[in-house]
Amino acid sequence: LTNIALALVGFLLGQQISVKALRLRGARIVKISIIKVIGTWLVVAGGLFAIGVDPVVVLLLAAIASATAPTAIYDVVHESRAKGEFVKTLLAVVAIDDVWGLILFIVMMAIAGMLNGDAGVAAGVLAGSREIGGSVLLGIALGAPMAYLTGRIKKGEPMLAEGIGFVMLGAGAAEWFEVSPILTAMTMGAIVASLAKHHKRPFHAIEGIEWPFMILFFVLAGASLETNGLKYAGVVAVAYVALRCVGIYLGARWGCQVTGADALTRKWLGLALFPQAGVAIGMALLASQRFPDVASIILSVVLTSTIFLEIFAPIVTRQALRETA
């Protein structure tokens, strides 16, 4: 269920890195989002390492920290009826930054595997390269025929079976070849969005069926939380939330300065990006499957922080929208 849910999420994220989408957002948005992800990782990794957290946990939590919650931010913008240049920048950044966060997370999982003693350095680099390269190649191999076939379905005819069928095929093939299901699906989404004649319709079909899987995904994620792990994870969770907020703020501000954004955007963009939800939980579940020895602390920290951030972070986002209106 985790792999299916994450494959659906990955496919929808892939739409944000099509050739057309990247050209529409421009180099400025791409630079801001990448710098924000790197800045968040550096701050969280440095802070957690300084307080003595296990290096494997540090690498994984720092990568997870870069994930945001596009839906929560979209909802706040919609509810506030906010408009303007700041809103355009915010929505463009939040639409694409999870893509870079996922890629960083997959790289960190490979490095964490080496630190955990799963393989030597050479073998670890080879395994990581195989996972990333294999996922991309598999996504291209399935995305190209999906773009062609779904593009031939006439407007008005149902596309749900074809859309979800291809995504599940990708998730199953990724499991079979032992590569990343979410990166495979993300590559498929990028290929379909770039090549399909009716490039938006497969994504609308997936959006319509995604929620039942996501509800079960969240329920099972909550059921995975071990209260015993909270005793140790409590301090780490507090540090994680604080460091994540500082990292996102500084990373976004750094990106805005590099790209020459205006003063209001530099001041408020990072604050508006605090919400965290599904993608972060998905990363945590993947990490817990790969590294069962540290699964308890990773899940405890991420689930606890997500509950806190989903309650309070949207309030900060709303304030940022008010200040930039």
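What share of the contacts in the protein chain with a separation of 6 or more comes from residues 24 or more positions apart? The answer is 84%. Keep that in mind while you rotate the model, which is a predicted one.

**Stop 1: the whole chain**

Start with the cartoon view and colour by secondary structure. You'll see 13 helices and zero strands, so the colouring will be a bit monotonous because runs of helix are what DSSP assigns here. Walk from one end of the sequence to the other and the pattern is α thirteen times over.

Now zoom out. Along the principal axes, the C-alpha atoms fit in a box of roughly 55 × 50 × 35 Å. The radius of gyration is 19 Å, which agrees with the value near 20 Å that a compact globule of 325 residues would have.

**Stop 2: the surface**

Switch on the surface. About 14400 Å² of the protein chain is exposed, and 67% of that comes from carbon and sulfur atoms. As for the residues themselves, 55% of the 325 count as buried.

Next, colour by charge. There are 24 positive and 19 negative charges, and the mean positions of the two sets lie 12 Å apart.

**Stop 3: Leu-160**

Select Leu-160, which sits in helix H7, residues 160-177. Is Leu-160 buried, exposed or partly exposed? With a relative accessibility of 37%, Leu-160 counts as partly exposed, because that value falls between the 20% and 50% cut-offs.

Show what touches it: setting aside neighbours within four places in sequence, Leu-160 is in contact with Gly-165, Ala-205 and Ile-209. For a longer hop, pick Thr-71, which is 89 residues away along the chain; its C-alpha atom is 22 Å from that of Leu-160.

**Stop 4: Glu-178**

Step along to Glu-178, in the loop between H7 and helix H8 (181-195). Check the backbone here: phi is near 60°, a positive value in a residue other than glycine. That deserves a second look, because most residues other than glycine have a negative phi. Glu-178 is also exposed, at 62% relative accessibility.

**Stop 5: Arg-81**

Finish at Arg-81. Where is Arg-81 placed? Look in the loop between helix H4 (70-80) and helix H5 (85-115). Arg-81 isn't a glycine, yet its phi is positive, at about 55°. Turn the surface back on and you'll find Arg-81 exposed, with a relative accessible area of 72%.

Technical notes. Residues numbered from 1 in each chain as written. Predicted model: local features only at pLDDT ≥ 70, side-chain atom pairs only at ≥ 80, totals over all residues. Heavy atoms only, no water. Helix = DSSP H or I, 4+ residues; strand = E, 2+ residues; numbered from the N terminus. Rg over C-alpha atoms; globule rule 2.2 N^0.38 Å. Buried < 20%, exposed > 50% of the residue type's maximum accessible area, 1.4 Å probe, protein only. Contact = heavy atoms within 4.5 Å. Areas by Shrake-Rupley, 256 points an atom, 1.4 Å probe, with all protein chains shown as cover. Lys, Arg positive; Asp, Glu negative; His and termini not counted. Charge placed at Lys NZ, Arg CZ, Asp CG, Glu CD.
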